[in-house]
Amino acid sequence: MPVTLRSLEVAVPDTVLHQDQVREVFASQPGMSRLATRLVGAAFDSSGIERRHSAVTEMDLSADADGSNTPQFFDAATRQILNPTTGARNEIYVQEASRLYVDAAAAALASADGIDKTDVTHVITVSCTGFFSPGPDYLIVRGLDLDPAVQRCHLGFMGCYAAFPAMRQAKTICDANPDAVVLVVSVELCSIHVRVSDDPDTILGSSLFGDGAAAAVITGRDHDGGRALQLDHFETVLTPVGEEAMAWNIGDNGFEMVLGTYVPKIIDAHIVDALAPLLAHDASLTDRQYRDIEHWAIHPGGRSILDKVEAKLELDPAQLEPSRDVLQHYGNMSSATVMFVLKTILDDPDSKAGERVCSMAFGPGLTVETGLFTTVGRNS
């Protein structure tokens, strides 16, 4: 029996970051060099992002200064971005991620027709932006009143591609036991690690990353006819270069992103080789042009990455619209982002059953994770 993704729901924190406002705040920080100020303008203006969401309520730039509390992340009175410890940042993660994990999982279960909380056999959680234990997998079981015997797994600190190993593990579970029902939930609060620096990698990260959550219900049970994604194949490829180009380290004042400006060039050089093992699973795809595959769910790590993918694979601009739309309205939410793109395709009222979806994400290593899906059922 084919394994299908039956429902996919997303959630974001309430605080909205408008890109032009955040750019002005960063550019006006004390101690920034003239070169760094110019880099801020260039990075923010070329990002392809209009707004993002943040779990840091202090970053609500539309709010008036509140003198009743001592600010930790942003002083609204002075418009200065502060530099809290890693512990202080992780406290925000514990508070805000916990809510998003449970809310997103509950929404995914509620929209999975024919599946009840008593059916859930496994919970897989994903994140690279915070830690706590008992962890989010435990909170979902308790918060949704799932069977305490539900098997749980947490994938931590893998970066932007981690939704793929999570879905692949869910497929492996369901292939072995078609009656299994797996909840896959990703929550990333990238904005809690924001900092001010003259470093180009840090400036680039500050212009891209936002917060979000995504949850999916995956099972091998008989499909009821509603819209779903059949999970066909997954592959992992390590590019021969680029290990130093993308990394995620723990520092004394938050997690520190290494995001080299030449990552798009590495992807441009190696994307065809990275796709080959995935498409080799299906003989009907080996002789097709890339643009003949109906849907492309590309992790929008940045606008330049999407530009490189579109040009290298000679895709129609419309095929990258789901990725560009997610980037525009949410930014890069690390592992949750590609799930937002898949949801856009899943919910597309013009999409028909039997269409193929090729998806990929990039992360530390440089690692390229790919997935092949087929749309099934109908949109109600």
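This passage walks through a predicted model, from its nonpolar core to a buried threonine at the end of an annotated domain.

A good place to start is the largest nonpolar core, which has 47 residues. Within this core, Ile 140, Leu 146, Leu 183 and Val 185 touch the most other members. Several elements each supply at least two residues: helices H1 (19-27), H2 (34-45), H3 (86-110) and H4, together with strands E8 (181-189) and E9 (211-219). Helix H3 makes the greatest contribution, with 10 residues. The surroundings of Leu 183 give a closer view of the packing. Neighbours within four places in sequence aside, Leu 183 is in contact with Ala 105, Ala 108 and Leu 109, and also with Val 120, His 122, Val 123 and Ile 124. Its other contacts are Ile 140, Leu 144, Leu 146, Ala 216 and Val 217.

Helix H4 covers residues 136-143 and includes a charged residue, Asp 137. With a relative accessible area of 10%, Asp 137 falls under the 20% cut-off and therefore counts as buried. The side chain of Asp 137 is joined to that of Arg 152 by a polar contact of 3.0 Å. Beyond its close sequence neighbours, Asp 137 also touches Val 123, Thr 125, Cys 153 and His 154. His 122 lies 15 residues from Asp 137 in sequence, and their C-alpha atoms are 9.5 Å apart.

Helix H5 spans residues 163-176, and its geometry can be checked by simple arithmetic. At 1.5 Å a residue, its 14 residues should span 20 Å, and the end C-alpha atoms are indeed 20 Å apart, so the two values agree. The buried residues of H5 are Ala 163, Phe 164, Pro 165, Ala 166, Met 167, Ala 170, Lys 171, Ile 173 and Cys 174. In general, an α-helix has 3.6 residues a turn, so residues three or four places apart point the same way.

Further along the chain, an unreviewed UniProt entry places the domain "Chalcone/stilbene synthase C-terminal" at residues 238-375. This stretch is 38% helix and 25% strand, with its end C-alpha atoms 28 Å apart. Thr 375 sits in strand E15, which runs over residues 367-376. The relative accessible area of Thr 375 is 1%, so this residue is buried. A polar atom of the Thr 375 side chain lies 2.7 Å from the backbone oxygen of Lys 352. Residues up to four places away in sequence are not counted here, but Thr 375 touches Arg 227, Ala 228 and Leu 229, along with Ser 351, Lys 352, Ala 353, Gly 354, Glu 355 and Val 357.

How values were computed
Residues are numbered from 1 along each chain as its sequence is written. This is a predicted model: local features need pLDDT of at least 70, side-chain atom pairs count only at pLDDT 80 or more; totals for chains, interfaces and linings use all residues. Side-chain values use heavy atoms; hydrogens and water are left out. Helices (H or I, at least four residues) and strands (E, at least two) are DSSP runs, numbered from the N terminus. Buried means under 20% relative accessible area, exposed over 50%, partly exposed in between (1.4 Å probe, protein chains only). A polar contact is a pair of N or O atoms within 3.5 Å; within protein, one must be able to donate a hydrogen and the other to accept it, and residues adjacent in sequence count only if both atoms are side-chain atoms. Contact means heavy atoms within 4.5 Å. The expected span of a helix is 1.5 Å times one less than its number of residues. UniProt positions are given in the numbering used here, feature names are shortened, and annotations may be inferred rather than shown by experiment. A nonpolar core is a set of buried Ala, Val, Leu, Ile, Met, Phe, Trp, Tyr and Cys residues joined through side-chain atoms within 4.5 Å.
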